[in-house]
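Welcome, and thanks for taking a look. Below is a short walk through the fold, the core and the side-chain contacts.

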Amino acid sequence: MSGEGWSRRNVEAAQERDVHANPSSAVIAAFKVFQQELDSRHDKYERLVKISRDITIESKRAIFLLHRVTNVPNAEGVLNEAEGKLDGVRQKIGQIAEELRGEDIYQFHRAFTPGIQEYVEAVSFLHYIRHRSLISLEEINARLVFMNTENSDPKGSAEAPPSGARVLTFQVTPADYLLGVADLTGELMRLCIGSVGNGDIDTPFQLSQFLRQIHDGFSYIGNTGPYEVSKKLHTLRQSLGKVEDACYTLRVRGSEIPKHMLADVFCSRTTHMDTEEGVV
């Protein structure tokens, strides 16, 4: 064994001498190129992960802000503030577009997909509160066009872009859009709770119909869509069930329960449902 170890050390030492003696070897040069390329891709991947985390954090803050619309007299002020936060998120997405310029998006998709899904959830939540409809993938992507110039006007310009301007676009994938919409259903369920707590008996029925349409749409996809979509379908059904339960409570017992107590009754029922399903 000692002889084998001695010979192996000699071989390694000889190889090291060959490398130092002939550093311009074609093989060594090729591997150095590969090393630099892999290091560059790894660094880019880590940068995208950090940007995605920032997007997730800011999108969540916008969602939390939007839930205040049921408790404030000036809902438009809250919506405008949330829109401002989402403008900042879009600037972060512009950084992703810059990083992906000339790259294959799917080589880095796992690095930024959590942030993009959270952004889709936030922007679709804002769109629903304002328009009572689901924002389309085309509408989302239309706002992800960025102008990059070294000396560009920060306020933007409606005129033709200056010479040297570079237009960058980011396209949300259909899978990320579907996953973001699936997460939206949970926020709509929470919006229903907030509405009931404020004595709003119309919004829960609107939400119930809207969530039923989303559920039917996902049912058409079935097992043909991304694997993550089928995983989130269970949560979607839970959200729909809770909203429908709220509507049942309002329809059957709404006249006998004071409005300020409806939220407590509804929350106790949903907690009981979660316990039965093993969620709590």
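Is Val33 buried, partly exposed or exposed? Val33 is partly exposed, with a relative accessible area of 45%. This residue sits in helix 2, which covers residues 26-66. Together with Val27, Phe31 and Phe34, Val33 makes a nonpolar surface patch of about 410 Å². Please keep in mind that this is a predicted model.

## Fold and core

Let's step back to the whole chain. The protein has nine helices and two strands, and along the sequence they follow the pattern α-α-α-α-α-β-β-α-α-α-α. Of the 280 residues, 38% are buried.

In soluble globular proteins, nonpolar side chains tend to be buried together. Here, the largest nonpolar core holds 61 residues, and those touching the most other members are Ile93, Ile96, Tyr119, Ile140, Phe170, Val172 and Leu188. At least two residues of this core come from each of helix 2, helix 3 (75-99), helix 4, helix 5 (137-142), helix 6, helix 7 and helix 8 (227-253). Helix 4 gives the most, with 11 residues.

## Aromatic pairs

A pair of aromatic rings is described by the distance of the centres and the angle of the planes. The whole structure contains three aromatic pairs. One of them is formed by Phe112 and Phe170, an edge-to-face pair with 5.7 Å centre to centre and 75° between the planes. This pair links distant parts of the chain: Phe112 belongs to helix 4 (residues 109-131), while Phe170 lies in the loop between strand 2 (166-169) and helix 6 (174-197), 58 residues apart. Phe112 is buried, with a relative accessible area of 1%, and Phe170 is buried as well, at 3%.

Tyr128 and Phe210 form another aromatic pair, this one tilted, at 4.6 Å centre to centre and 35° between the planes. Why is the pair called tilted rather than stacked or edge-to-face? Planes under 30 degrees apart count as stacked and those over 60 as edge-to-face, so a pair that is neither counts as tilted. This pair, too, links distant parts of the chain, with Tyr128 in helix 4 and Phe210 in helix 7 (residues 203-221), 82 residues apart. Both Tyr128 and Phe210 are buried.

## Cysteines

A disulfide is a covalent bond between the sulfur atoms of two cysteines. How many disulfides does the structure hold? The count is zero. For Cys192, the closest cysteine sulfur is that of Cys247, and the two sulfurs are 5.9 Å apart, so they are too far for a bond. The cut-off for a disulfide is a pair of sulfur atoms within 2.5 Å. Cys192 is buried, with a relative accessible area of 0%, and Cys247 counts as buried at 7%.

## Salt bridges

Side chains of opposite charge can pair when their charged atoms come close. The count comes to 18 salt bridges, and the table lists three of them.

| Acidic residue | Basic residue | N to O distance |
|---|---|---|
| Glu37 | Arg41 | 3.7 Å |
| Glu103 | Arg41 | 3.3 Å |
| Asp54 | Lys92 | 3.7 Å |

Glu37 and Arg41 are four residues apart in helix 2, so about one helical turn separates them. Glu37 is partly exposed, with a relative accessible area of 41%, and Arg41 counts as partly exposed at 27%. The salt bridge of Glu103 with Arg41 links distant parts of the chain: Glu103 is in the loop between helix 3 and helix 4, Arg41 is in helix 2, and they are 62 residues apart. Glu103 is partly exposed, with a relative accessible area of 28%.

Lys92 in helix 3 and Asp54 in helix 2 also link distant parts of the chain, 38 residues apart. Lys92 is partly exposed at 25% relative accessible area, as is Asp54 at 32%.

Salt bridges that share partners also join Glu76, Glu83, Asp87, Arg90, Arg130 and Arg143 into one network. Within this network, Arg90 is in helix 3 and counts as buried, at 4% relative accessibility. The C-alpha atoms of Arg90 and Arg143 are separated by 8.1 Å, although these residues are 53 apart along the chain.

How values were computed:
Residues are numbered from 1 along each chain as its sequence is written. This is a predicted model: local features need pLDDT of at least 70, side-chain atom pairs count only at pLDDT 80 or more; totals for chains, interfaces and linings use all residues. Side-chain values use heavy atoms; hydrogens and water are left out. Rings of Phe, Tyr and Trp (its six-membered ring) pair if their centres lie within 6.5 Å; planes under 30 degrees apart count as stacked, over 60 as edge-to-face and the rest as tilted. Buried means under 20% relative accessible area, exposed over 50%, partly exposed in between (1.4 Å probe, protein chains only). Patches are made of residues with over 30% relative accessible area and no salt bridge: like charges are joined within 9 Å, nonpolar side chains (Val, Leu, Ile, Met, Phe, Trp, Tyr) within 5 Å. Accessible areas come from the Shrake-Rupley method with a 1.4 Å probe; for residues, only the protein chains shown count as cover. A salt bridge is a side-chain nitrogen of Lys or Arg within 4 Å of a carboxyl oxygen of Asp or Glu. A nonpolar core is a set of buried Ala, Val, Leu, Ile, Met, Phe, Trp, Tyr and Cys residues joined through side-chain atoms within 4.5 Å.
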